[in-house]
Amino acid sequence: ILPYNLVFEGPTVCIFKNIAGYDCFGCGMTRGIYYFLKGDIIEATRYNWRVLLVCPLLIMLWLKQFRYTWKNMLIQK
């Protein structure tokens, strides 16, 4: 879904890093999620170790939303 060049090339969109010049707690999260979803957990944690907390929660929320949407599509009102 995410093209490689969009994730890994180009300027950062992190406001904190652009203003202060330091990484915030979320810096590297998009790249980490990219590698996590590809199955490379080690590389994902190199970008941001918090991906180990965020990704399972994000996947759980996606599945919950998918289930809700699927259930409502089957029920005709």
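**An all-helical chain and its core**

Of the 77 residues in the chain, 19% are buried. The model is a predicted one, and its secondary structure is quick to list: 5 helices and 0 strands. Reading from the N terminus, the elements go α-α-α-α-α.

The overall dimensions come next. The C-alpha trace spans about 55 × 25 × 25 Å along its principal axes. The radius of gyration is 16 Å, whereas a compact globule of 77 residues would come out near 11 Å. Among contacts with a separation of 6 or more, 25% are between residues 24 or more positions apart. As for the surface, the chain exposes about 6,600 Å², and carbon and sulfur atoms supply 65% of that.

What sits in the largest nonpolar core? The set has 9 residues in all: Val7, Met29, Ile33, Tyr34, Tyr35, Phe36, Ala44, Val51 and Cys55. Helix 3 (29–38) and helix 5 (51–74) each put in at least two of these residues, and helix 3 gives the most, with 5. As a general point, nonpolar side chains tend to be buried together in soluble globular proteins.

Helix 3 deserves a look of its own. Its buried residues are Met29, Gly32, Ile33, Tyr34, Tyr35 and Phe36, and they pack against helix 1 (4–8), helix 4 and helix 5. Just after helix 3 comes glycine 39, with a positive phi of about 100 degrees.

Glycine 32 is also part of helix 3. Its relative accessibility is 0%, so glycine 32 counts as buried. Setting aside neighbours within four places in sequence, glycine 32 is in contact with Ala44, Tyr47 and Val51. Tryptophan 49 lies 17 residues from glycine 32 along the chain, and the C-alpha atoms of the two are separated by 8.1 Å.

On the helix 5 side, two residues show how the packing runs. Valine 51, which belongs to the largest nonpolar core, is in contact with Met29, Gly32, Ile33, Phe36, Ala44, Thr45 and Pro56, again leaving out neighbours within four places in sequence. Leucine 52 lies in helix 5 and has a relative accessible area of 41%, so leucine 52 is partly exposed. With neighbours within four places left aside, the contacts of leucine 52 are Phe36, Ile41 and Thr45. Leucine 52 and isoleucine 33 are 19 residues apart in sequence, and their C-alpha atoms are 9.0 Å apart in space.

Then there are the aromatic rings. A search of the whole structure turns up 8 aromatic pairs. One of them joins tyrosine 35 and tyrosine 47: the pair is stacked, with 5.8 Å from centre to centre and 5 degrees between the planes. This pair links distant parts of the chain, as tyrosine 35 is in helix 3 and tyrosine 47 is in helix 4 (residues 41–47), 12 residues apart. Are the two partners buried or partly exposed? Tyrosine 35 is buried, because its relative accessible area is 16%, under the 20% cut-off. Tyrosine 47, at 28% relative accessibility, counts as partly exposed. Ring pairs also tie Tyr4, Phe8, Tyr34, Tyr35 and Tyr47 together into a cluster. Two members of that cluster, Tyr34 and Tyr35, are listed in the largest nonpolar core too.

Finally, the cysteines. How many disulfides does the model have? The count comes to 0. For cysteine 24, the nearest cysteine sulfur is that of cysteine 27, 3.5 Å away, and cysteine 24 is in no disulfide. The same goes in reverse: cysteine 27 is in no disulfide, with the sulfur of cysteine 24 as its nearest at 3.5 Å. A disulfide would need the two sulfur atoms within 2.5 Å, which is why this pair is not counted as one. The two residues fall into separate classes of exposure: cysteine 24 is partly exposed, with a relative accessible area of 28%, while cysteine 27, at 16% relative accessibility, counts as buried.

Key
Residues are numbered from 1 along each chain as its sequence is written. This is a predicted model: local features need pLDDT of at least 70, side-chain atom pairs count only at pLDDT 80 or more; totals for chains, interfaces and linings use all residues. Side-chain values use heavy atoms; hydrogens and water are left out. A nonpolar core is a set of buried Ala, Val, Leu, Ile, Met, Phe, Trp, Tyr and Cys residues joined through side-chain atoms within 4.5 Å. Buried means under 20% relative accessible area, exposed over 50%, partly exposed in between (1.4 Å probe, protein chains only). Helices (H or I, at least four residues) and strands (E, at least two) are DSSP runs, numbered from the N terminus. Contact means heavy atoms within 4.5 Å. The radius of gyration is taken over C-alpha atoms; the globule rule is 2.2 Å times the number of residues to the power 0.38. Accessible areas come from the Shrake-Rupley method with a 1.4 Å probe; for residues, only the protein chains shown count as cover. Rings of Phe, Tyr and Trp (its six-membered ring) pair if their centres lie within 6.5 Å; planes under 30 degrees apart count as stacked, over 60 as edge-to-face and the rest as tilted.
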